[in-house]
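Student: I should like to learn how to read a ligand site and the cysteines of a model. May we work through an example together?

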Amino acid sequence: MATVTQTPDLHGHFGPYGGMFVPETLMSALHDLAAEYERAKTDPAFQDELAALLRDFAGRPTPLYLAERLTNRLGGPKIYLKREDLLHTGAHKINNALGQILLAQRMGKRRIIAETGAGQHGVATATVAARFGCECVIYMGKVDMERQGLNVARMKFLGAKVVPVTAGQATLKEAINEAMRDWVTNVRTTHYILGSVLGSHPYPMMVRDFQSVIGLEARRQILEREERLPDLLVACVGGGSNAIGLFHPFLDDRNVRMVGVEAGGEGIRTGKHAARFQGGRLGVLQGTKTFLLANEEGQIELTHSVSAGLDYAAVGPEHSYLRDVGRIEYTYATDDEALNAFKFLSETEGIIPALETAHAIAYLVKQAPKMKREEIVIVNCSGRGDKDVDQAARHFGLKEKSK
Ligand SMILES: *Cc1c(COP(=O)(O)O)cnc(C)c1O
């Protein structure tokens, strides 16, 4: 039997999920991208250049930090944080953006476009575009632009054009639609740096591979520190790139449990959430077949999360597959739980996490007291919370509510 790590197949299928559900006009660009990526993967010059950029520009390897006070407060297992929040631009997104801009250079594409939700991927993309002197256009929902003003300003300073998208819910899904429309029109000169393990093949595979550096490092680091593998890995799941990046190098280690934490918003029963595995269904969205939040007619439902980076109707196809085969478990944390975890980690460890990351911490707060002291947990600290301080301050009444 094939192991779960031998996916996807040549056409991007993870079991029944994934694939290439795109307009005809994009097929040749996607095939070119897949072919270029296959060549790059085995080209030492590409791998060396990427490794040097990850080290000297982005700040890898990131530390695996023993969170002692958090461990003591929760009274359960030993807790390690994989510190992706310490990376340049403040989150794991830069790992993927660097890999993809190098591919774009190899393909001779000097115009870069991307979508962004929280703005972290937009900032990472604008950063690598500036580093390589490329023209850069970022599509962002107008609602997200309002809640993430700091990141909008950062992208502009980095020389990117930020295009507000007002259609529909004016968040991430609509921004991806606009970016895809741009790509169809300008595909010969333009590379689309997709920000998570979503979209058509080869993106879910390629983004996973670029993010797997997280898990490869964490595996080496924990073996060095503890001389054994962890019992549990925890990560938040928007599209699922930071989670699969940590999990993938451990998939064949049968004794390592893995939990992905989705956005429970205001609660599953209210319908105001973005937890695709709680009441979601099989469908096709933006190039891929996967679990998504849609009604019986297949229309995409409105999603909600306090965290813009988790507020999306579909989850990466590999996650749907790994859930079906029982390798990864998925749960959710609500807005309130995440906000409390945001405050808790800040006070306990001196680390202000992104609100996305705070969902993983919220799960840990519930789970750790049920675990044994000799167990070991690694939580992916996917990003830092500077961008969210304003929003959290308003929630906790440290600042007047503006709306
Ligand atoms: C974008 C983002 C996420 C969600 O995206 P994934 O692809 O699920 O990782 C999580 N954490 C942070 C800090 C982010 O910026």
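Student: How far does a polar side-chain atom of S196 lie from an oxygen atom of the ligand?

Tutor: Please keep in mind that this is a predicted model. A polar contact is a pair of N or O atoms within 3.5 Å. Here the distance from the polar side-chain atom of S196 to a ligand oxygen is 2.6 Å. K93 also places a side-chain N or O atom 2.7 Å from an oxygen atom of the ligand, while a polar side-chain atom of S382 is 2.8 Å from a ligand nitrogen. The protein covers 97% of the 380 Å² of accessible area that the ligand has on its own.

Student: Which residues come nearest to the ligand, and how is the shell around the ligand composed by class?

Tutor: There are 18 residues around the ligand, of which K93, S196, G238, G240 and S241 come nearest. By class, the shell comprises five nonpolar, 11 polar and two charged residues. The space that the ligand takes is the largest cavity.

Student: How many disulfides does a search of the whole structure find?

Tutor: A disulfide is a covalent bond between the sulfur atoms of two cysteines. The search of the whole structure finds zero disulfides.

Student: Why is C134 without such a bond?

Tutor: The closest cysteine sulfur to that of C134 belongs to C136 and is 8.5 Å away, which is too far for a bond. C381 is likewise in no disulfide, as the nearest cysteine sulfur, in C236, is 9.5 Å away.

Student: Are C134 and C381 buried or exposed?

Tutor: Buried means under 20% relative accessible area. C134 is buried, at 11%, and C381 also counts as buried, at 1%.

Definitions and conventions. Residues are numbered from 1 along each chain as its sequence is written. This is a predicted model: local features need pLDDT of at least 70, side-chain atom pairs count only at pLDDT 80 or more; totals for chains, interfaces and linings use all residues. Side-chain values use heavy atoms; hydrogens and water are left out. A residue is near a molecule or strand if one of its heavy atoms lies within 4 Å of it. A polar contact is a pair of N or O atoms within 3.5 Å; within protein, one must be able to donate a hydrogen and the other to accept it, and residues adjacent in sequence count only if both atoms are side-chain atoms. Accessible areas come from the Shrake-Rupley method with a 1.4 Å probe; for residues, only the protein chains shown count as cover. On a 1 Å grid over the protein atoms alone, a cavity is a set of points where a 1.4 Å probe fits but cannot get out, and a pocket is an open set with protein on both sides within 12 Å along at least five of seven lines; lining residues have an atom within 4 Å of a point. A molecule sits in a cavity or pocket if more than half of its atoms lie within 2 Å of its grid points. Ala, Val, Leu, Ile, Met, Phe, Trp, Tyr, Cys and Pro count as nonpolar, Asp, Glu, Lys and Arg as charged, and the others, Gly among them, as polar. A disulfide is a pair of cysteine sulfur atoms within 2.5 Å. Buried means under 20% relative accessible area, exposed over 50%, partly exposed in between (1.4 Å probe, protein chains only).
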